[in-house]
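Here are some short exercises to work through with the model open beside you. Try each task on your own before you read its solution.

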Amino acid sequence: MAAHKVICWECGAEVDDMFVNLCPRCGGLLTVKMDLTKVQEMKPQDLRKEPLGVWRYAPFMPVDPAHKVSILEGGTPLYPVKALSETIGVKEAYVKFEGLNPTGSFKDRGMTMGVSHAKELGAKVVGCASTGNTSASLAAYASKAGIKCAVFLPSGKVAMGKLAQALFFGAKVLSIDGNFDDALALARKMADERKLYLLNSINPYRPEGQKSVLFEIMDQLDYNIPDRIILPVGNAANIWAVYKALQELKEVGWIDKVPMLTGIQAEGSAPIAKAFAAKRHDFDAELNPETIATAIRIGNPVSGKKALHAIYDTRGFATTVTDAEIIAAQSMLGKKEGVCVEPASAASVAGLKKLRDEGVIDRDERVVCICTGNGLKDPDTIINNSPAPIPCANSVAAVEDILARD
Ligand code: F0G
């Protein structure tokens with residue numbers, strides 16, 4: 001395990017109590033400060049003895065790999081998407097497809113770290129609020145670790161595949177009367193009363209695992225740093241995790257510049273994009289967020305301030321896309337590249353198209369879109385936005401007739 005401490009991101013105080021989620025002194029957000037002195041003597045190639053995946057980057061992680069609870073997370077493909085780049089009009093675009101993680105989303109990167117740490121601490125019950133993916137992931141890793149698990153879901157607004165996963169892995173699935181922000185408030189209350197160990201991304205160990213998506217992108221591009229990385233923003237921890245990974249690579253001298261981090265939100269659920277448009281470093285919570293991309297239907301993002309810092313400090317950008325733009329981008333990825341992502345993930349590609357059309361993104365840029373989750377998580381949205389199956393008689397002639405149509 002690399003030496004590290006948990007500190008307050010806002011006042012810098014060191015935090016010893018591993019069961020608190022905010023700074024006991026000032027109420028600020030927490031973060032992990034890694035001691036990277038040993039990594040300073042290493043090169044990226046030294047890590048390549050380990051397979052591509054979260055634990056290849058153990059020297060940047062705060063949990064001893066000997067204690068890891070793993071289902072072989074990470075190691076996802078980075079697709080060069082030529083047809084998509086040509087259609088959108090950008091020189092070089094890639095899709096990092098996080099839907100190929102064990103439970104089908106990037107959350108597994110954070111959960112392997114978070115649940116490993118929970119086990120180190122001897123936690124008896126773990127829990128999280130979720131729009132779906134976090135709960136699916138926590139339920140799987142809690143099973144693997146043999147720890148009891150409770151997930152708090154906004155009633156009626158979780159995609160079917162995600163709900164099925166949480167039920168399948170045997171979590172106590174609680175359907176809360178309210179939206180994600182309400183469910184999170186309840187889960188946090190339980191954690192504050194020490195009735196469960198909270199594994200939402202406010203837990204600073206979660207983003208530590210999520211840093212690995214950036215380390216992998218750099219490895220896969222052979223440290224040819226892209227100009228821009230685009231990702232959907234919901235509770236806002238993932239963009240922060242990518243930023244933190246970039247800062248750490250700079251600290252050890254493996255990179256000397258950073259990509260512009262660009263966050264995309266759904267139009268009906270956009271506190272961070274609105275704050276960015278107003279050049280603010282803080283944001284106003286939205287009371288009734290709404291979007292077809294239920295994964296990012298979040299009005300009060302816990303890591304919102306960290307996300308805004310990540311965007312400003314990398315000279316990045318934030319914007320919104322409409323539900324129609326999200327569905328069009330999801331379909332374009334399927335039809336042109338054979339990749340099936342869930343709506344929230346398609347927001348990154350919708351954002352690339354919009355910002356290219358508006359001239360914010362230059363034609364000459366090399367861009368990576370992080371597509372955070374698998375399309376099979378949310379089959380209802382795909383079926384509702386696709387043509388119906390074609391009734392067909394049981395004969396060759398009937399099939400030929402249908403194939404002859406446009
Ligand atoms: N994409 C997908 C598929 C997600 O599930 C989420 C968040 C995000 C993007 C946004 O990431 O919150 O770090 O900004 N899903 C959480 C959940 C909230 O409960 O599964 P973020």
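The exercises below go from the ligand site to a few loops, a helix and a strand.

Before you start, note that this is a predicted model, in which local features need pLDDT of at least 70, side-chain atom pairs count only at pLDDT 80 or more, and totals for chains, interfaces and linings use all residues. Residues are numbered from 1 along each chain as its sequence is written, and side-chain values use heavy atoms, with hydrogens and water left out.

**Exercise 1. The ligand and its shell**

Task: Find which residues come nearest to the ligand, and sort the shell by class.

Solution:
- Step 1. A residue is near a molecule if one of its heavy atoms lies within 4 Å of it. There are 20 residues around the ligand, and Ser 130, Gly 234, Asn 235, Ala 236 and Thr 372 come nearest.
- Step 2. Sorted by class, the shell holds nine nonpolar, nine polar and two charged residues. Here Ala, Val, Leu, Ile, Met, Phe, Trp, Tyr, Cys and Pro count as nonpolar, Asp, Glu, Lys and Arg as charged, and the others, Gly among them, as polar.

**Exercise 2. Polar contacts and cover**

Task: Look for ligand oxygen atoms beside the backbone of Thr 131, Gly 234 and Asn 235, then ask how much of the ligand the protein buries.

Solution:
- Step 1. A polar contact is a pair of N or O atoms within 3.5 Å; within protein, one must be able to donate a hydrogen and the other to accept it, and residues adjacent in sequence count only if both atoms are side-chain atoms.
- Step 2. A polar backbone atom of Thr 131 is 2.8 Å from an oxygen atom of the ligand. For Gly 234, a polar backbone atom is likewise 2.8 Å from a ligand oxygen, and a backbone N or O atom of Asn 235 lies 2.7 Å from one.
- Step 3. The ligand taken alone exposes 480 Å², and the protein buries 98% of that (Shrake-Rupley method, 1.4 Å probe; for residues, only the protein chains shown count as cover).

**Exercise 3. Helix H7 and the loop after it**

Task: Decide whether helix H7 (212-220) is enclosed or open, and describe Asp 222 and Tyr 223 in the loop that follows.

Solution:
- Step 1. Helices (H or I, at least four residues) and strands (E, at least two) are DSSP runs, numbered from the N terminus. Buried means under 20% relative accessible area, exposed over 50%, and partly exposed in between (1.4 Å probe, protein chains only).
- Step 2. Eight of the nine residues of H7 are buried, so the helix is largely enclosed by the rest of the structure. Among them are Val 213, Leu 214 and Phe 215.
- Step 3. After H7 comes Asp 222, with a positive phi near 55°. Asp 222 counts as exposed because its relative accessibility is 53%.
- Step 4. Tyr 223 lies in the loop between H7 and strand S9 (228-232). Its phi is positive, about 60°, although it is not a glycine. At 18% relative accessibility, Tyr 223 counts as buried.

**Exercise 4. Arg 194 and Leu 231**

Task: Are Arg 194 and Leu 231 buried, partly exposed or exposed?

Solution:
- Step 1. Arg 194 is in the loop between helix H5 (180-192) and strand S8 (197-198), and its phi is positive, near 60°. With 48% relative accessibility, Arg 194 counts as partly exposed.
- Step 2. Leu 231 is found in strand S9. Its relative accessibility is 0%, so Leu 231 counts as buried.
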